[in-house]
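Hi,

Here is the structure I said I would pass on. Have a look at it first, and my notes follow underneath.

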Amino acid sequence: MAGQDYGRIYRDRRYEMVEQLKRYGITNTRVLEAFLSVERHLFFDPENREHAYDDCAFPIGCGQTISQPYTVAYMTSMLVERCPSGTVLEIGTGSGYQAAILDFMGYSVYTVERIPELFRRSLGVFKALGLKIHQHLGDGTLGWKDEAPFNGIIVTAGAPDPPPTLLEQLADNGVMIIPIGGSTGQQMTVITRNGNTLQQEAFHSFAFVPLIGREGWMDG
Ligand code: SAM
């Protein structure tokens with residue numbers, strides 16, 4: 001691949017990825033524009049960048065994955081259609097790609113990761129890209145109390161139930177997108193707060209790595 005124009009190759013691959021997302025039924029123009037613009041390969045280790053635009057989840061180390069592009073686009077569409085602007089808390093920073101997509105779309109982004117190595121790596125990527133994303137290292141099932149409430153909460157790991165502390169940190173008319181279910185498969189769930197009333201609706205099935213924490217799955 002010596003002498004190749006990588007910028008152009010990656011741009012072409014992003015275009016193909018977006019065309020694929022459209023075929024899968026992703027229609028929101030803000031989401032598609034973000035996927036076309038955010039350079040997904042920069043969230044991969046250099047030796048794995050050729051896989052950055054493959055249509056699958058990919059290992060990022062520490063037993064974790066960057067989610068399949070379709071999954072990120074699906075969750076982001078669910079969020080933006082119900083919560084077009086404001087503050088969003090992401091649980092599970094991982095590679096940082098989902099947070100960068102939300103940042104590109106104009107949200108004020110807060111993200112929590114429990115694994116120090118992934119936290120440090122994403123910190124480096126955000127810094128290199130000049131992104132003003134707020135990061136916290138800790139148990140995301142407990143949210144981010146000092147910055148709450150949030151207009152949107154997006155949980156990118158599979159939970160047995162919605163963590164009660166996260167529900168408390170959802171603003172009035174706020175929306176939480178969270179995969180809920182067992183350890184091998186979950187249903188994407190949308191929870192909306194209306195005053196003291198919470199409305200919960202389940203959608204398609206996915207398979208996420210577990211949300212590990214005091215109000216999630218136990219470690220080990
Ligand atoms: N959103 C990520 C991205 O764009 O690359 C992918 C997330 S990966 C599927 C799930 C992430 O959730 C992992 O990085 C994992 O360490 C993290 N995680 C699991 N339980 C967590 C918790 N209680 N608090 C914070 N992060 C957690």
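One thing before you dig in: this is a predicted model, so please read everything below in that light.

Let me start with Glu19, which is partly exposed, with a relative accessible area of 23%. That puts it over the 20% below which a residue would be called buried. Glu19 is part of helix α1. Along the chain, 13 residues separate Glu19 from Leu32, and the C-alpha atoms of the two are 9.0 Å apart in space.

The same helix has another charged residue to look at. Arg14 also sits in α1, which runs over residues 6-23. What caught my eye is that Arg14 is buried but makes no salt bridge. The nearest side chain of opposite charge belongs to Glu39, at 4.3 Å, and a salt bridge needs the charged atoms within 4 Å. What does the side chain of Arg14 have close by instead? One of its polar atoms lies 2.7 Å from the backbone oxygen of Leu36. Neighbours within four places in sequence aside, Arg14 is in contact with Phe35, Leu36, Ser37, Val38, Glu39, His41 and Tyr53.

Now for the inside. In soluble globular proteins, nonpolar side chains tend to be buried together. Here the largest nonpolar core has 47 residues, and those touching the most other members are Leu21, Phe35, Leu79, Tyr97, Tyr107, Ile177 and Met188. Several elements supply at least two residues each, including α1, α2 (29-37), α5 (116-129) and the strands β7 (170-181) and β8 (186-194). Which element gives the largest share of this core? That is α3, with 8 residues. A separate core of 18 residues lies apart from this one, with Tyr110, Trp144, Phe150 and Met176 among its members.

Met188 is worth clicking on. Not counting neighbours within four places in sequence, its contacts include Tyr74, Met75 and Met78, then Ile177, Ile178 and Pro179, and also Phe203, Phe206 and Phe208.

Last, the cysteines. A disulfide is a covalent bond between the sulfur atoms of two cysteines. How many disulfides does the model have? The count comes to 0. For Cys62, the nearest cysteine sulfur is that of Cys56, 19 Å away, whereas a disulfide would need the sulfur atoms within 2.5 Å. Cys62 is partly exposed, with a relative accessible area of 33%, while Cys83 is buried, at 5%.

That's it from me. Shout if anything is unclear.

Cheers

Notes
Residues numbered from 1 in each chain as written. Predicted model: local features only at pLDDT ≥ 70, side-chain atom pairs only at ≥ 80, totals over all residues. Heavy atoms only, no water. Helix = DSSP H or I, 4+ residues; strand = E, 2+ residues; numbered from the N terminus. Buried < 20%, exposed > 50% of the residue type's maximum accessible area, 1.4 Å probe, protein only. Lys, Arg positive; Asp, Glu negative; His and termini not counted. Polar contact = N/O pair within 3.5 Å; in protein donor to acceptor, adjacent residues only side chain to side chain. Contact = heavy atoms within 4.5 Å. Core = buried A, V, L, I, M, F, W, Y, C linked by side-chain atoms within 4.5 Å.
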